[in-house]
Amino acid sequence: GENFYLRPDSLNPVKLWIHDYDQNGSIEKIMTYTVEGRDMPVFLKRDMEDQLPSIKKSNLKNEEYAKRSIQELFPPEVLDKAKVKQFNYPVSCAAINKGNGQFEIRPLPPMMQLSCINVFRVLDIEGDGDMDLLAGGNQFGFLPQFERLDASLGDVLINDGKGNFSWQESAKTGLTLRGEMRDIQAIKGRSGTYYLFLQNDQYPILYERKKKGAFIQP
């Protein structure tokens, strides 16, 4: 989603630099984001020192560290050996299959950008033959400076038949999930279909699906 500290785009990507920087047999990962064309470390000096003692040995003050790009923290012969992964599109989206190996990327509604999305279930919620989306999100394990992503209560997206998805309010869907969703499993019962929402470090929550996209706890 777009509601996060890192908001990269094609001109200002986030990069993950993967290498054994200390030559101790352990692979480290350094994340940077683009500031005025420079690759600046995402993590604070003390967090980098915990992972890479060599940063601490350089005796940089916090003010000095904050002004240095990764190219100024490590020599070229080290960075040249690093594997670099780029991330430049943070928008939660749907890829619509147009056939012949062609897909159209469509951003999901703004309310779906407020938190991360961890799991999708594709199903026909309204019984009209169009495939809708049931989603769960949230992530609490970030460092304090990044805060938590906790704005998702569980989401229902209704397909208009043309691949356009409309977000439904929780008052309508009945979903009030506060935890970190990790999976959604469908369970067939005698009276209908149930959905088990699996949460990180919490008990699963069971909902029964009713007509018109509404869910209730049995």
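Q: What makes helix 2 stand out from strand 4 in confidence?
A: In this predicted model, helix 2 (residues 53–57) has the lowest confidence in the protein chain, at a mean of 79, while strand 4 (residues 83–87) has the highest, at 97. Those values are pLDDT, the predictor's confidence in each residue, from 0 to 100. Helices (H or I, at least four residues) and strands (E, at least two) are DSSP runs, numbered from the N terminus.

Q: How do you know what the pLDDT is across the protein chain?
A: The average comes to 91, and 99% of the residues score at least 70. That matters for reading the rest: this is a predicted model, where local features need pLDDT of at least 70, side-chain atom pairs count only at pLDDT 80 or more, and totals for chains, interfaces and linings use all residues. Residues are numbered from 1 along each chain as its sequence is written, and side-chain values use heavy atoms, with hydrogens and water left out.

Q: Why is the protein chain called more spread out than a compact globule?
A: The DSSP count is 6 helices and 14 strands. The radius of gyration is 22 Å, and the globule rule gives 17 Å for 218 residues; 22 Å is well over that, so the chain is more spread out than a compact globule. Here the radius is taken over C-alpha atoms, and the rule is 2.2 Å times the number of residues to the power 0.38. Along its principal axes, the C-alpha trace spans about 65 × 40 × 30 Å.

Q: What makes strand 5 and strand 6 a pair?
A: Two strands pair if DSSP finds at least two bridges between them. Strand 5 (residues 93–99) and strand 6 (residues 102–107) have 6 bridges, in the antiparallel sense, so they qualify. Alanine 95, for one, has isoleucine 105 in strand 6 as its bridge partner. The hairpin leaves 2 residues between the strands, and asparagine 100 takes a positive phi near 55° there.

Q: How do you know that cysteine 116 is in no disulfide with cysteine 93?
A: A disulfide here is a pair of cysteine sulfur atoms within 2.5 Å. The closest cysteine sulfur to that of cysteine 116 is in cysteine 93, 14 Å away, so that is too far for a bond. By this rule the count is 0 disulfides.

Q: Why is cysteine 116 called buried, and cysteine 93 partly exposed?
A: Buried means under 20% relative accessible area, exposed over 50%, partly exposed in between (1.4 Å probe, protein chains only). Cysteine 116 has 16%, so it counts as buried. Cysteine 93 has 27%, so it lands in the partly exposed class. Across the protein chain, buried residues make up 39% of the 218.
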